[in-house]
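Please read the following note alongside the sequence and the structure. The points are numbered for ease of reply.

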Amino acid sequence: LLCTCLECVKACEYLKEFEGYPKKYIREISNNLSIVFGFRMAKSLVNSCSLCGLCTRVCPFEIGMAEVCSAARREMVAKGNMPPAIHDFPLRDMEFSNGEAASAVLVRPGTHQAAFLFFPGCLLAASEPAYVRTLYRALSGFLQAEVAIALRCCGAPALWAGRAEAFDQAIAKLRSIWKSLGGPPVITACTSCSRVLG
């Protein structure tokens, strides 16, 4: 790797915290996956990255720790080397958000399709439901069209945790909802949802 400028380390608190640079980190993660199997050195390094992609944007060679850490998490999960407790709460929260008690798809009575689908995301819907109602009303008025709303989680916690199967299930359910509404343009209120649904 041509990795000497440290531009990403200057821009990212996560990379600064481990007092190194991507070439060194990638070597540690690789050794962790192939030699010590997820139980030592790089476990914290792998799980501390927020996967925001800032490092890729500032790197002249587009080296991305997000991709490295995400792939490492998937491999650790697949090999059974990821301690379940690390991602337990976000995964349980996602499961609740997509369960019967918290998820819903709302359309105007008598309609089955929509011109737009508003997807506020689970965090906004759980923490500020009044904002979701206000945004929904504003969108409906501004767009002068039928706007459906889907209340659930996009699956980002599973993606972040390296749980490919759980992520695929969340996306498949969302795709099914979207298709049942006629495949309308999706409006999100969450940057993570925007990236996931891209």
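The points below go from the whole chain to the cysteines, the charged pairs and then single residues.

1. Status of the model. The coordinates are a predicted model, so local features are taken from positions with pLDDT of at least 70, and side-chain atom pairs count only at pLDDT 80 or more.

2. Overall make-up. The chain has 12 helices and four strands. Its C-alpha trace spans about 60 × 35 × 25 Å along the principal axes. Of the 198 residues, 37% count as buried. Among contacts with a separation of 6 or more, 67% are between residues 24 or more positions apart.

3. Surface and charge. About 11300 Å² of the chain is exposed, and carbon and sulfur atoms supply 58% of that area. The chain carries 21 positive and 16 negative charges, and the mean positions of the two sets are 2 Å apart.

4. Cysteines. How many disulfides does a search of the whole structure find? The search finds zero. For Cys-69, the closest cysteine sulfur is that of Cys-49, and at 4.4 Å this is too far for a bond. The cut-off for a disulfide is 2.5 Å between the sulfur atoms. Cys-193 is in no disulfide either, with the sulfur of Cys-190, the nearest one, 3.7 Å away. Both cysteines discussed here are inside the buried class: Cys-69 has a relative accessibility of 0%, and Cys-193 has 3%.

5. Salt bridges within helices. The structure holds five salt bridges. In one of them, the side chains of Lys-10 and Glu-7 meet at 3.0 Å, N to O. These two residues lie three residues apart in helix α1 (residues 7–11), about one turn of the helix. Lys-10 is exposed at 54% relative accessibility, while Glu-7 is partly exposed at 35%. Another salt bridge joins the side chains of Lys-16 and Glu-13, at 3.1 Å from N to O. Lys-16 and Glu-13 are in helix α2 (residues 13–17), and being three residues apart they are separated by about one helical turn. Here Lys-16 is partly exposed, at 34%, and Glu-13 is exposed, at 58%.

6. A salt bridge between loops. Arg-108 and Glu-146 also form a salt bridge through their side chains, at 2.8 Å from N to O. Arg-108 sits in the loop between β1 (104–106) and β2 (116–119), and Glu-146 in the loop between α9 (129–143) and β3 (147–151), so the pair ties together parts that are 38 residues apart in sequence. Is each partner buried or partly exposed? Arg-108 is partly exposed, with a relative accessible area of 48%, whereas Glu-146 counts as buried at 17%.

7. Met-65. This residue is in helix α6 (residues 65–79) and is buried, at 1% relative accessibility. Which residues does Met-65 contact, leaving aside its neighbours within four places in sequence? They are Tyr-14, Leu-15, Pro-22, Tyr-25, Ile-26, Ile-29, Cys-49 and Cys-55. One of them, Ile-26, is 39 residues from Met-65 in sequence, and the two C-alpha atoms are 8.0 Å apart. Cys-49 appears in this list and is also the residue whose sulfur is closest to that of Cys-69.

8. Ser-97 and Arg-152. Ser-97 is in helix α7 (residues 88–97), and Arg-152 is in the loop between β3 and α10 (156–161). Ser-97 is buried with a relative accessible area of 11%, and Arg-152 is buried with 9%. Not counting residues up to four places away in sequence, Ser-97 touches Ala-102, Ser-103, Cys-122, Leu-151, Arg-152 and Cys-153. On the same basis, the contacts of Arg-152 include Ser-97, Asn-98, Ser-103, Phe-119, Gly-121 and Cys-122. Lys-173, Leu-174 and Ile-177 are also in contact with Arg-152. The C-alpha atoms of Arg-152 and Ala-125 are separated by 8.4 Å, with their positions 27 residues apart along the chain.

Terms used. Residues numbered from 1 in each chain as written. Heavy atoms only, no water. Buried < 20%, exposed > 50% of the residue type's maximum accessible area, 1.4 Å probe, protein only. Contact = heavy atoms within 4.5 Å. Areas by Shrake-Rupley, 256 points an atom, 1.4 Å probe, with all protein chains shown as cover. Lys, Arg positive; Asp, Glu negative; His and termini not counted. Charge placed at Lys NZ, Arg CZ, Asp CG, Glu CD. Salt bridge = Lys/Arg side-chain N within 4 Å of Asp/Glu carboxyl O.
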